[in-house]
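Q: I'd like a close look at one part of this model rather than a tour of the whole thing. Please take it slowly and keep the cut-offs in view.

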Amino acid sequence: MTTRYIAAIDQGTTSSRCMIFDAAGAVAASAQVEHRQIYPRPGWVEHDAMEIWANVSGVVSAAMAKLGIAPRDLAAVGITNQRETTLLWDRATGVPIANAIVWQDTRTDTLCQELGARDGQDRFRTRTGLPLATYFSGPKIRWLLDNTPGAREAAERGDVLFGTMDSWLIWKLTGRHVTDVTNASCTMLMSLATLDWDDELLEAIGVPRAVLPQIRSSAEIYGIATGVLEGVPVASALGDQQAALFGQTCFSPGEGKCTYGTGAFLLVNTGASAVQSTHGLLTTVGYRIGDAPPAYALEGSIAVAGSVVQWLRDNLGLISSASEIEALARSVEDNGGCYFVPAFSGLFAPHWRSEARGVIAGLTAYVGKGHIARAALEAVAWQVREVVDAMAADSGQPLTLLKADGGMTANNLLMQFQADVLDVPVARPAIAETTCLGAAYAAGLAVGFWPDLETLRGQWRQDASWRPAMAAENRGRAYANWNKAVQRTLGWIS
């Protein structure tokens, strides 16, 4: 009998990846390729969706070729994706009407201010769990419809379709126009209570219902793939951070994780309760398996984490590859008094200040490139510290262990500094790329490849851990300096 596998497609902000897993949840094969970041103007970030589709097709073929298997050897494929990135395409031709607007893009700032002019940033928070911010998809759809000739008229006729990248890939694979509850919950158009598009929100933001996909659960068969995955059930979709929560097997209330990717994202499972944050966090859907009730989550979203390393590489030329950052940072004993707040797209949680811009503070003639590299890594840990503090304030429960995943967890200096500034242990799982694993787990549940959540929980394994080793006095002094640097970023854009 042929051994069968589960495939997962991770369509991320900077790359697309396919990973193939065996029944034990171990990685059998993987392939990955980067795509272009398009910057038409300051603050604007776009992707070419056709390039992404070509890359996805390529990595799927490459991963299967490495393992020597065909689509018939796959029980299902799951999808995880950069969430709020917004695409519109022609229903008849399947061709995008414009580049996708990436979640980091800030062009909708004026629109968000207009929408909140009377009731403030929290105008839609009770219904959606989200503040008014450039991060989310709803205002991006409105911008595309208002600024692409003929788009609004075509959208109202139903000739133009909206999707986040999960919807785009499901459409390309199966011809079905669907999304899941986790991605829908990041649009600012879905009610957390009904798990459906909300007509009052649609009217207020200016989005016709005809463009929107059907909202489905995170784990069910949406359709059967054609093309490179001919005959394979497409059986899950989860936004990347919810997929990581699922891959880290955080199935019980109070369990959480932080993913260190392009951004950094801390999610904690709150169970059947959609807990409203009063400290700058998001309320979202963690996952929904088939017809089961949804599990909700609190989320702290940080816009810039791994992308600060990419910026040092591509824009400043301090390093030639991302892997060099740790050695450069270790070439100095500390940050030399330098603090780097990479507010390239404003500040996300817990501040939600879209007018903020990046700052490197505390510069003296002593500071060199090693200090800047170290300050960049430390910035990631300090931003997570801010979110952890907000999470504890909302939940009333202090963090006792941070489950960390994502590409940056390979940086041991960062992970040790994270444990130091949180004053709690940090644990990395054996499979650090848990976004793919979560999508695979959900797809496997949908087709019976794995029987239940407890089976998945039993497969979690720790790879490494770090314990705090910083004196409390030093931690407090450094955090105070970080907060001074954050204040310098505010109010930059009038």
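Which strand forms a hairpin with β13, and how many residues sit between the two?

A: β14 is the hairpin partner, and 3 residues lie between it and β13. Before going further, keep in mind that this is a predicted model, where local features need pLDDT of at least 70 and side-chain atom pairs count only at pLDDT 80 or more, while totals for chains, interfaces and linings use all residues. Numbering starts from 1 along each chain as its sequence is written, and side-chain values use heavy atoms, with hydrogens and water left out.

β13 covers residues 256–260, and β14 covers 264–271. Strands here are DSSP runs of E with at least two residues, helices are runs of H or I with at least four, and both are numbered from the N terminus. The two strands run antiparallel and are joined by 5 bridges; for a pair to count, DSSP must find at least two bridges. One place to check the register is G256, which faces V268 in β14.

β13 also pairs with β19 (402–405), this time in the parallel sense and over 2 bridges. There, T259 has D405 as its bridge partner.

Now for how covered the strand is. Of its 5 residues, 5 are buried, meaning under 20% relative accessible area (over 50% would be exposed, in between partly exposed; 1.4 Å probe, protein chains only). This holds for both faces: G256, C258 and Y260 are buried on one side, K257 and T259 on the other.

Follow Y260 and you get to the largest nonpolar core. That core has 110 residues, and Y260 is among those with the most contacts inside it, along with Y135 and L212. A nonpolar core here is a set of buried Ala, Val, Leu, Ile, Met, Phe, Trp, Tyr and Cys residues joined through side-chain atoms within 4.5 Å. Helix α12 (369–395) supplies the largest share, 14 residues. Leaving out residues up to four places away in sequence, Y260 touches a list that includes V380, V384, L402, D405, M408, L414 and Q418, where contact means heavy atoms within 4.5 Å. In soluble globular proteins, nonpolar side chains do tend to be buried together.

There is a second, separate core too, with 35 residues, I9, I20, A63 and A237 among them. I20 is also the bridge partner of A29 in β3, and β2 (15–21) and β3 run antiparallel with 7 bridges between them. Both strands belong to an open sheet of 6 strands with mixed pairing, ordered β3-β2-β1-β5-β12-β11. β3 (27–34) and β11 (219–224) are at the edges with a single partner strand each, so one side of each has no neighbour in the sheet. Direction ignored, neighbouring strands are turned by 25 degrees against each other on average.

Two helices sit on this sheet. α1 (49–67) lies across β1, β2, β3 and β5, at about 150 degrees to β3. Such angles run from 0 to 180 degrees between N-to-C directions, with axes as lines fitted to C-alpha atoms (for helices, over the stretch in contact). α9 (240–247) touches β5 and β12, and its direction makes about 105 degrees with that of β12.
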